[in-house]
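User: I should like to go through this structure and its ligand site, one question at a time.

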Amino acid sequence: MNGRDRDGRPAGDGAGSRELGAVLGVGIATLDIVNEVATYPAEDAEVRAQAQRRVRGGNVTNSLVVLAQLGHRCRWVGTLGEDAAAEAIIADLARYQVATDDAVRVAGGTTPTSYIALSRASGSRTIVHFRDLPELDAAAFERVALDGVGWVHFEGRNPPETRRMIERVRAEYPAMPISLELEKPRPGLDSLLDGPQVLLASRAFAAASGFRDPAAFLADLAPRTSATLCIVAWGEEGASWLARGGPVQQAPVHRPPRVIDTIGAGDVFNAGVIDALVRGLATAEAVAAAVHLAGEQCGRIGLMLKG
Ligand code: ADP
């Protein structure tokens, strides 16, 4: 694997020639219906939401929206239904200048929806997700042009198809930096660990894999992957990372004046890592920058970086 040096910097011609390349994000887009509640309701309770908003969601599209605001050219590839929610998603991505020309419309399909209870007391979010839409397959991804792309970011889902997509990128552009998000364990996910240079795991993924400690999780993950950099975000404890050949390191959390909205914190964090690595920052600086970006975002509603 030659995409990254030991410290996580893009190696060789990767940094200079790819710096201006677009970020291509592959994953699902959803409609999120966010109900703001005073406190998280008990089971069987009936509560009134204090506010409601309908916004575009989906981990990769969230990260792309942040990356676009950081000045990157961004393209999203995924599936959409044929409904009003799909139009709303396209309009929202267009607002941030995230290109959606490669998106695949599924005839008669319903766009996935997330119902989110956001607690004003704690800032925590609890999500109920509904989806009934085929995910992007490798055949559709074959039709996506990769020229002009400088970084490809995948959600760790649909392993058999995503495996073939990663292989395609590797075959056509052996030095292309690829990052993979590990949000929750899925059967066959291990087959995706050979190919990416950067793994971006969540605490939920680590916990579901049986780990309560980021260092133990990373020590277990690193020998099983081609990635030279494994990172795990750890909520209010910041993030930890392991660059090949080095020790596990930790970046302390950055606290905003008040935690208001943690929806998408992990997606903002991932965008922060990708942005920093594309710009050639060393791993420690990249993780610190991502923790800072995500922490600031927890002090604001939504994914606008300013305001
Ligand atoms: P997810 O969105 O997947 O639940 P996390 O909760 O792990 O992701 O958050 C991702 C990153 O966002 C963390 O590594 C941390 O840097 C930042 N973050 C999350 N929650 C907070 C918080 N309450 N205060 C400050 N930063 C936070």
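User: How many salt bridges does the structure hold?

Analyst: This is a predicted model, in which local features need pLDDT of at least 70, side-chain atom pairs count only at pLDDT 80 or more, and totals for chains, interfaces and linings use all residues. Residues are numbered from 1 along each chain as its sequence is written, and side-chain values use heavy atoms, with hydrogens and water left out. A salt bridge is a side-chain nitrogen of Lys or Arg within 4 Å of a carboxyl oxygen of Asp or Glu. The number of salt bridges in the structure is 17.

User: How many residues apart in sequence are the parts that the pair D102 and R75 ties together?

Analyst: The side chains of D102 and R75 form a salt bridge, at 2.9 Å from N to O. D102 lies in the loop between β6 (98-99) and β7 (104-105), whereas R75 belongs to strand β4 (residues 74-77) (strands are DSSP runs of E, at least two residues; helices are runs of H or I, at least four; both are numbered from the N terminus), so the parts tied together are separated in sequence by 27 residues.

User: Which residue has a polar backbone atom 2.8 Å from an oxygen atom of the ligand?

Analyst: A polar contact is a pair of N or O atoms within 3.5 Å. An oxygen atom of the ligand is 3.5 Å from an N or O atom in the side chain of R125, and an oxygen atom of the ligand is 2.9 Å from a polar backbone atom of G235. At 2.8 Å, the residue is G266.

User: Which element gives the largest share of the shell around the ligand?

Analyst: The elements that contribute two or more residues to this shell are α8 (265-278) and α9 (283-298). The largest share is four residues, and they come from α9.

Conventions:
A polar contact is a pair of N or O atoms within 3.5 Å; within protein, one must be able to donate a hydrogen and the other to accept it, and residues adjacent in sequence count only if both atoms are side-chain atoms.
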